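Visitor: Hello! Could you walk me through this protein, one step at a time?

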Amino acid sequence: MKIVTWNINGIRARIDVLVAWLKESQPDIVCLQEIKTVDEGFPRGEIEALGYHVETHGQKGFNGVAILSKIKPDEINRGLPGADTDEQSRFIEGVFSVDGGVIRVCSLYLPNGNPVETEKFPYKLSWMDRLSAFAAERLALEEPLILAGDYNVIAEPHDCWDVKVWQNDALYQPRTRQSFRRLENLGFTDAVRATSDAAPLYTFWDYQAGCWPKNFGIRIDHLMLSPEAADRLVSTDVEKHVRAWEKPSDHVPVAGKFSFAARAAA
């Protein structure tokens with residue numbers, strides 16, 4: 001099973017790119033971020049025509065997440081628990097039946113947090129605290145869980161093209177990286193780093209200042225796996241070539257291949 005995370009940076013602006021990529025890549029489950037539309041405005045027809053189910057948690061003009069899947073979800077949960085007053089659409093969870101049980105796949109769009117001196121940075125840290133609390137509760141179920149999304153976190157120095165450029169940014173702040181490490185310490189595996197120590201290895205290149213041709217990128221899109229999901233991980237791929245397409249997102253798809261076949265009895 002191929003599961004992918006991709007910040008699409010506006011679904012309506014990028015629908016042709018998404019359809020072309022779906023035909024080429026043939027993912028089983030896709031977690032999209034920054035769809036930037038209300039649920040009713042999502043162009044589901046073109047995607048459903050390719051055989052995908054579409055579940056969205058949208059917001060007008062900003063944020064918004066979605067899960068596309070070749071298999072119909074058993075359950076969909078919208079919104080990250082822990083703050084009833086949070087109106088930002090940044091989280092959706094799908095539960096899917098597979099041989100041997102179920103898998104849980106979450107599409108998340110973690111807050112950027114800039115400028116650091118504004119209320120946006122505490123909101124980012126609070127959101128990360130809520131994510132860790134949610135993850136800890138889900139771990140108790142002992143099911144394969146994949147937290148897929150744009151984390152807006154540069155976890156390590158080699159995950160950016162120049163640390164000096166990013167050291168004061170919310171994406172690289174010590175408290176940001178500590179919060180990400182807290183999630184890892186619960187028992188989650190960074191799928192890409194579990195399968196590759198390549199550097200540079202980026203998932204985002206800004207549209208400005210020639211970042212793409214100069215390879216001035218950062219790695220902020222992650223597949224974080226519970227132990228049960230990590231045990232089924234086969235390989236990962238950062239589909240970098242998509243960034244060179246016409247009218248691309250500034251992020252690229254990050255894919256994980258998993259084996260969820262039922263295990264033989266011991």
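Visitor: Leaving aside its neighbours within four places in sequence, which residues is Glu93 in contact with?

Guide: Happy to help, and please keep in mind that this is a predicted model. To place Glu93, look for strand E6, which covers residues 91–98. Once neighbours within four places in sequence are left aside, the contacts of Glu93 are Ile67, Glu75, Ile76, Asn77, Arg104, Val105, Cys106, Phe134 and Arg138.

Visitor: Is Glu93 buried or exposed?

Guide: Here a cut-off helps: a residue counts as buried when its relative accessible area is under 20%. The value for Glu93 is 1%, so this residue is buried.

Visitor: With which side chain does the side chain of Glu93 make a polar contact?

Guide: Arg138 is among the residues in contact with Glu93. A polar contact needs a pair of N or O atoms within 3.5 Å. At 2.8 Å, the side chain of Glu93 has such a contact with the side chain of Arg138.

Visitor: How many aromatic pairs does the structure hold?

Guide: Each pair is described by two things, the distance of the ring centres and the angle of the planes. For this structure, the number of aromatic pairs is seven.

Visitor: What kind of pair do the rings of Phe91 and Phe134 make?

Guide: Planes over 60 degrees apart count as edge-to-face. The ring centres of Phe91 and Phe134 are 5.0 Å apart and their planes meet at 75°, so this pair is edge-to-face.

Visitor: How many residues apart in sequence are the parts that Phe91 and Phe134 tie together?

Guide: Both Phe91 and Phe134 are buried. Phe91 belongs to strand E6 and Phe134 to helix H3 (residues 120–139), so the pair ties together parts whose separation in sequence is 43 residues.

Visitor: Which residues do ring pairs link into a cluster with Trp212?

Guide: Start with an edge-to-face pair, Tyr202 and Trp205, with 6.4 Å from centre to centre and 75° between the planes. Both of these residues are buried. Ring pairs join Trp212 into a cluster with Tyr202 and Trp205.

Visitor: What volume does the largest pocket have?

Guide: Let's first find the largest pocket: 17 residues line it, and Asn112, Asn152, Phe204, Asp250 and His251 lie nearest its centre. By class, that lining has six nonpolar, five polar and six charged residues. The volume of the largest pocket is about 240 Å³.

Visitor: And how much space lies in the second largest pocket?

Guide: Its lining includes Asn63, Arg90 and Tyr123. Three nonpolar, five polar and three charged residues make up the lining of the second largest pocket. The space in the second largest pocket is about 190 Å³.

Methods
Residues are numbered from 1 along each chain as its sequence is written. This is a predicted model: local features need pLDDT of at least 70, side-chain atom pairs count only at pLDDT 80 or more; totals for chains, interfaces and linings use all residues. Side-chain values use heavy atoms; hydrogens and water are left out. On a 1 Å grid over the protein atoms alone, a cavity is a set of points where a 1.4 Å probe fits but cannot get out, and a pocket is an open set with protein on both sides within 12 Å along at least five of seven lines; lining residues have an atom within 4 Å of a point. Grid points are joined across faces, edges and corners, and a volume is the space filled by probe spheres set on the points. Ala, Val, Leu, Ile, Met, Phe, Trp, Tyr, Cys and Pro count as nonpolar, Asp, Glu, Lys and Arg as charged, and the others, Gly among them, as polar. Helices (H or I, at least four residues) and strands (E, at least two) are DSSP runs, numbered from the N terminus. Buried means under 20% relative accessible area, exposed over 50%, partly exposed in between (1.4 Å probe, protein chains only). A polar contact is a pair of N or O atoms within 3.5 Å; within protein, one must be able to donate a hydrogen and the other to accept it, and residues adjacent in sequence count only if both atoms are side-chain atoms. Contact means heavy atoms within 4.5 Å. Rings of Phe, Tyr and Trp (its six-membered ring) pair if their centres lie within 6.5 Å; planes under 30 degrees apart count as stacked, over 60 as edge-to-face and the rest as tilted.
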